[in-house]
Amino acid sequence: MPCPLLPREYTHLGWLPISLVGALSLAAGAVLGMGAARALPSVLTPPLTAVGAFAFTALMQTTLGRTQTATASGVPSTEPNRISLLSPAVQDVRDTLHTLSPAVHLGQTIWLLGMAATGFALLVAASRRARLLALAPVLAGAAIALLVLPSAPSRMYVLDKAAAEPVCAGPVCVTRTHQAQLADVAGPGRKALDLLHAALGSRAPVTVRETPPCCRREPRRSGRDGWCPSTSTTTSSPPRRATS
């Protein structure tokens, strides 16, 4: 039967750091663009700056931001590396139960603050020497960010434990992200368990659970796929007594 006391939607604040970093990237890019125009006053500066930003983002998603690796069967492949995280347009997360790790947010914030500081310094610089010194914040920010940013995909994307927390209606459980669908699957889940119990007896499973992705985002050379599969609904059986 439906569970009227359960909230129909999963609400959280996990979007907040991602949105703040995105807003900071827009502000830092705007200040850096104004600083570049101040340092190089030309009609070509705005379009060249825009093309450069686009090329930087594209490279972060392709060659510079990818590491060559191979699957367990020897098929060549690539995976994101820490350089790719210098772009706010990170590799997309392939399932709803993973999110960016705190180290990613921290590293990107340091890098973007350095970029904004360089843009502001270029805006107020009055000499060639001052313009050269203005490059120090963005270079320092990049160096520190690369030390903070994780190098392995398994540390870039982490399981959102709050989103993966089970919400149950009797023997049927789903993750908190999908709790709005619990009332729809609880009835069919119980019916399936009853049918299995009638057919298998004590060997029948006793619960139906949505399980979060079991694999980790590790290099493919280790034999595991670098991206986790979608979540699936599985059944579990009661433990059996050990026999000699």
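Select Cys168 to begin: in this predicted model, Cys168 is partly exposed, with a relative accessible area of 37%. Add Cys173 to the selection, and the two residues appear as a disulfide whose sulfur atoms are 1.9 Å apart. Cys173, in contrast to its partner, counts as buried, because its relative accessibility is 4%, under the 20% cut-off used for that word. If you look along the S-S bond, the angle about it is 105 degrees, and the link of Cys168 and Cys173 is right-handed. There is no need to search for further links of this kind, as the structure holds one disulfide.

Next, stay in this part of the chain and select Arg176 together with Glu165. These two side chains form a salt bridge, with 3.4 Å between the closest N and O atoms. Arg176 sits in the loop between strand 6 (172-175) and helix 8 (182-200), while Glu165 sits in the loop between helix 7 (161-164) and strand 5 (166-169), so the pair ties together parts that are eleven residues apart in sequence. Neither end of the bridge counts as buried: Arg176 is partly exposed at 24% relative accessibility, and Glu165 is partly exposed at 37%. The structure holds one salt bridge, and Arg176 with Glu165 is that pair.

Now zoom out and colour the whole chain by secondary structure, which shows eight helices and eight strands. The protein has 244 residues, of which 31% count as buried. Its accessible surface comes to about 14,500 Å², and carbon and sulfur atoms account for 67% of that area. If you display contacts between residues at least 6 apart in sequence, 64% of them join residues at least 24 apart.

With the whole chain in view, select helix 3, residues 102-124. Helix 3 has 23 residues and runs 33 Å from its first C-alpha to its last, which is close to the 33 Å expected at 1.5 Å a residue. Showing the side chains of helix 3 brings up a series of buried residues, among them Val104, His105, Gln108, Trp111, Leu112, Met115 and Leu122, and the buried set also includes the glycines Gly107, Gly114 and Gly119. What do the buried residues of helix 3 pack against? Their neighbours are helix 1, helix 2 (45-61), strand 3, helix 4 (128-133), helix 5 (136-148) and helix 6 (153-156).

For a closer view of one residue from this helix, select Thr118, which is found in helix 3. Thr118 counts as buried because its relative accessibility is 1%. Leaving aside residues up to four places away in sequence, Thr118 touches Leu32, Ala134, Leu135, Pro137 and Val138.

Another residue of helix 3, Gln108, leads to the next stop, since Gln108 is one of the residues touched by Ser87. Select Ser87, which lies in the loop between strand 2 (76-80) and strand 3 (98-100). Is Ser87 buried or exposed? Although it belongs to a loop, Ser87 counts as buried, because its relative accessibility is 1%. Besides Gln108, and again not counting residues up to four places away in sequence, Ser87 touches Phe56, Thr57, Met60 and Gln61. If you draw a distance from Ser87 to Met60, the C-alpha atoms lie 6.4 Å apart in space, with their positions 27 residues apart in sequence.

The last stop is helix 1 and the segment before it. Select Pro17, whose place is in helix 1, and which counts as partly exposed at 30% relative accessibility. A C-alpha distance from Pro17 to Thr109 reads 9.9 Å, although the two residues are 92 residues apart along the chain. Then select Leu13, Trp15, Leu16 and Leu20, which form a nonpolar patch on the surface with about 430 Å² of accessible area together. Within this patch, Leu13 lies in the segment before helix 1 (15-39), and Leu13 counts as exposed because its relative accessibility is 61%, over the 50% cut-off for that word.

Conventions
Residues are numbered from 1 along each chain as its sequence is written. This is a predicted model: local features need pLDDT of at least 70, side-chain atom pairs count only at pLDDT 80 or more; totals for chains, interfaces and linings use all residues. Side-chain values use heavy atoms; hydrogens and water are left out. A disulfide is a pair of cysteine sulfur atoms within 2.5 Å. Buried means under 20% relative accessible area, exposed over 50%, partly exposed in between (1.4 Å probe, protein chains only). Helices (H or I, at least four residues) and strands (E, at least two) are DSSP runs, numbered from the N terminus. Contact means heavy atoms within 4.5 Å. Accessible areas come from the Shrake-Rupley method with a 1.4 Å probe; for residues, only the protein chains shown count as cover. A salt bridge is a side-chain nitrogen of Lys or Arg within 4 Å of a carboxyl oxygen of Asp or Glu. Patches are made of residues with over 30% relative accessible area and no salt bridge: like charges are joined within 9 Å, nonpolar side chains (Val, Leu, Ile, Met, Phe, Trp, Tyr) within 5 Å. The expected span of a helix is 1.5 Å times one less than its number of residues.
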